[in-house]
Amino acid sequence: MKKKYSLLISFACVLVLIGLDQLTKWLCNTNETLLSGDKIIVIKNIISFRLAYNKGAAWSILEGQKFLLVTISLLASAVITFMIVKLVDLKNNLLLSIALILIDAGSIGNLIDRAFYKEGVIDFLHLEFMDFPTFNVADSCLTVGAIVLMVYVLFFYKEPDKKTPLNNQ
């Protein structure tokens with residue numbers, strides 16, 4: 001597969017995931033039941049929708065530091081987008097490509113909230129069976145992307161051959 005097609009498919013996937021993230025946040029942020037503070041049970045004792053706003057990063061760290069968080073998110077998104085341009089190869093390096101696509105989409109999805117919503121990042125997915133912070137589609141992309149990246153690095157990444165003065169003839 002040519003590089004330009006890999007990039008086209010990769011950025012299309014990023015845009016679809018950002019769109020899904022923003023659509024689900026908008027649907028929950030305009031739902032009267034959720035806005036009133038109630039929750040919507042999706043699967044009893046497993047998952048529900050519960051509207052929450054996070055003005056910080058994961059687990060509300062750096063809460064209230066909007067400029068810093070927007071700046072870090074913007075830089076991270078730029079670096080990951082650059083990495084996609086340089087490293088994505090859907091034919092020969094699918095795992096790394098998937099990891100970068102997911103991480104980029106998640107980073108940009110939450111960046112949009114931080115930059116444009118005074119309430120902060122919109123969270124709505126709540127696990128009923130454990131004590132865990134409410135999260136969103138972008139958070140899920142970031143988490144799955146990080147796990148895929150760890151699997152890639154631990155089990156599939158191969159260090160490129162280094163040329164030494166003795167074998168570089």
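## Exercises on cores and helix H5

In this predicted model, the largest nonpolar core, a set of buried Ala, Val, Leu, Ile, Met, Phe, Trp, Tyr and Cys residues joined through side-chain atoms within 4.5 Å, has 13 residues, and those with the most contacts inside it are Val-14, Ile-80, Ile-84 and Leu-100. Residues are numbered from 1 along each chain as its sequence is written, side-chain values use heavy atoms without hydrogens and water, and local features need pLDDT of at least 70, side-chain atom pairs count only at pLDDT 80 or more, and totals for chains, interfaces and linings use all residues.

**Exercise 1.** Determine which elements give two or more residues to this core.

*Solution.* Taking helices as DSSP runs of H or I with at least four residues, and strands as E runs of at least two, numbered from the N terminus, one finds H1, helix H3 (66-87) and H4. H4 gives the most, with five residues.

**Exercise 2.** Compare the expected span of helix H5 with the distance between its end C-alpha atoms.

*Solution.* The expected span is 1.5 Å times one less than the number of residues. For the 20 residues of H5 (137-156) this yields 28 Å, and the end C-alpha atoms lie 27 Å apart, which agrees.

**Exercise 3.** Decide which residues of H5 are buried (under 20% relative accessible area; exposed is over 50%, partly exposed in between, with a 1.4 Å probe and protein chains only), and where they lie.

*Solution.* The buried residues are Val-137, Ala-138, Cys-141, Gly-145, Val-148 and Tyr-152. Because they cover an arc of only 90° around the axis, they are on the same side of H5, the arc being that of the directions from the helix axis to the C-beta atoms. On the other side, Leu-154 and Phe-155 are exposed.
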